[in-house]
Amino acid sequence: MNKIFALLALALTGLILFSFQSADFNNDDELSIDSLRKVYSKPTDQWPKPMVDKDAVFQELGELPPSPVDLKNDSVKNVVELGKILFFDPRLSGSNQISCSSCHAPDLHWTDGRQVSIGHDHLANIRNAPSLENVWFYKRLFWDGRATNLEEQAGSPVAAHNEMHQDMKVLSKKLSKIKGYQPYFKSAFGSKEITNKRIFESLATFQRSIVSRRTPFDRFLAKDKKALTDQQLMGLHLFRTKARCINCHNGPFFTDNEFHNDGLTYFGRKYEDLGLYNVTKKPEDVGKFKTPGLRNVMKTAPWFHNGLFPDMDGVMNMYNVGMPVQRVKPEQVNDPLLPKNDKLLKGLKLSIAEKDAVVAFLEALSSPTVLVRVEKLPE
């Protein structure tokens with residue numbers, strides 16, 4: 001009888017311990033690395049429940065999917081090749097000195113490393129150049145979402161006065177005078193005719209082929225459970241729970257593909273930028289900007305739409321306090337355009353060690369650059 005009671009007590013103790021450990025994965029208590037490795041070694045649908053608000057657009061994290069561009073198809077491959085050449089050709093600009101690659105350099109993960117890009121006549125843009133890695137995934141382009149497809153996006157910087165400053169009426173005529181381009185257009189489109197539509201279709205198709213490479217996190221998901229360090233594993237758990245990053249940065253590309261106001265509108269001040277509102281003219285869109293993906297985020301500083309933060313410590317500290325809140329002047333109280341921070345932004349109260357762990361996890365989203373070169377431009 002005593003043995004029976006002892007076994008029942010042991011079973012009950014084990015059940016209580018199991019329940020306690022299971023609950024631990026969804027609260028702020030300190031967890032053992034062994035416990036984390038055990039639970040995160042399971043399929044993602046069995047991971048601890050993420051801390052996701054009801055207003056969030058959520059998809060669980062996942063491995064890097066391939067580009068939809070079929071490079072095994074010769075006709076598609078020819079369009080991509082033409083697009084690549086055009087991407088690196090400065091003759092698309094009015095000055096013949098600026099190419100698409102001037103602001104989106106492949107060896108910088110398709111960014112330029114500047115706070116904001118510098119274009120024609122050394123004019124500064126108002127926004128940071130986002131990476132083009134995995135750009136095929138986004139449903140709307142630019143920080144403010146003003147383009148709905150890559151064909152539309154490709155033409156905007158070519159024509160912009162402070163970017164490539166090209167007269168769109170003469171672009172196709174200009175390239176038609178370059179005989180070396182004719183074979184490329186024929187291979188891509190079946191005839192030598194050069195039009196703006198074909199130029200931008202080629203650029204768009206090439207951009208859809210630009211993808212990041214596999215990361216330690218992808219290898220971790222593919223059952224290499226040693227691909228993440230202890231600190232990175234803790235960072236993954238915090239990313240999905242206490243740090244709340246996953247509310248906006250989720251799915252295989254670490255973006256919800258949505259727009260949010262992060263408190264950096266500079267409303268009523270010199271550097272005011274109202275983001276999505278400039279496109280939709282809806283008051284509820286004031287200050288909203290596209291959620292960037294976080295793959296290779298640690299290699300694409302400075303961050304945010306205005307390139308305000310050159311180091312990740314600053315980014316983490318700002319999120320830790322809930323981001324800036326608009327200071328309301330008396331004359332702004334009833335202004336319908338007064339920005340309101342996204343409801344998903346909340347103070348995190350992360351410790352230094354916890355912030356460091358999240359940053360360590362972000363490092364695990366890094367991959368080597370894919371070097372792309374054009375040896376000689378058409379003449």
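Residues 230-366 carry the UniProt annotation "domain: Cytochrome c", which comes from an unreviewed entry; such annotations may be inferred rather than shown by experiment, and their positions are given here in the numbering of this structure. The end C-alpha atoms of this span lie 17 Å apart, and the span is 26% helix and 4% strand. Helices (H or I, at least four residues) and strands (E, at least two) are DSSP runs, numbered from the N terminus.

Before we look further, a word on the model. It is a predicted model, in which local features need pLDDT of at least 70 and side-chain atom pairs count only at pLDDT 80 or more, while totals for chains, interfaces and linings use all residues. Residues are numbered from 1 along each chain as its sequence is written, and side-chain values use heavy atoms, with hydrogens and water left out.

Let us start with helix 12. This helix, residues 352-363, has 12 residues and reaches 17 Å from its first C-alpha to its last, close to the 16 Å expected at 1.5 Å a residue (1.5 Å times one less than the number of residues). Its buried residues are Glu354, Lys355, Ala357, Val358, Val359, Ala360, Phe361 and Leu362. Here, buried means under 20% relative accessible area, exposed over 50%, and partly exposed in between, with a 1.4 Å probe and protein chains only. Among the elements covering these residues are helix 8 (216-221), helix 9 (230-240) and helix 11 (312-320), where contact means heavy atoms within 4.5 Å.

Next come two residues with positive phi, neither of them a glycine.

| Residue | Phi | Loop | Relative accessibility |
|---|---|---|---|
| Asn257 | near 65 degrees | between helix 9 and strand 1 | 10%, buried |
| Lys281 | about 60 degrees | between helix 10 (277-280) and strand 2 | 52%, exposed |

Another backbone feature to look for is the peptide bond from Ala301 to Pro302, which is cis, with omega near 0 degrees. Pro302 sits in the loop between strand 2 (288-290) and helix 11.

Finally, there is the second largest pocket. A pocket is an open set of points on a 1 Å grid over the protein atoms alone, with protein on both sides within 12 Å along at least five of seven lines; its lining residues have an atom within 4 Å of a point. This pocket is lined by 24 residues, of which Phe259, His260, Glu284, Lys288 and Asp342 lie nearest its centre. Strand 1 (residues 259-261) gives the most to the lining, with three residues.

Note on methods:
On a 1 Å grid over the protein atoms alone, a cavity is a set of points where a 1.4 Å probe fits but cannot get out, and a pocket is an open set with protein on both sides within 12 Å along at least five of seven lines; lining residues have an atom within 4 Å of a point.
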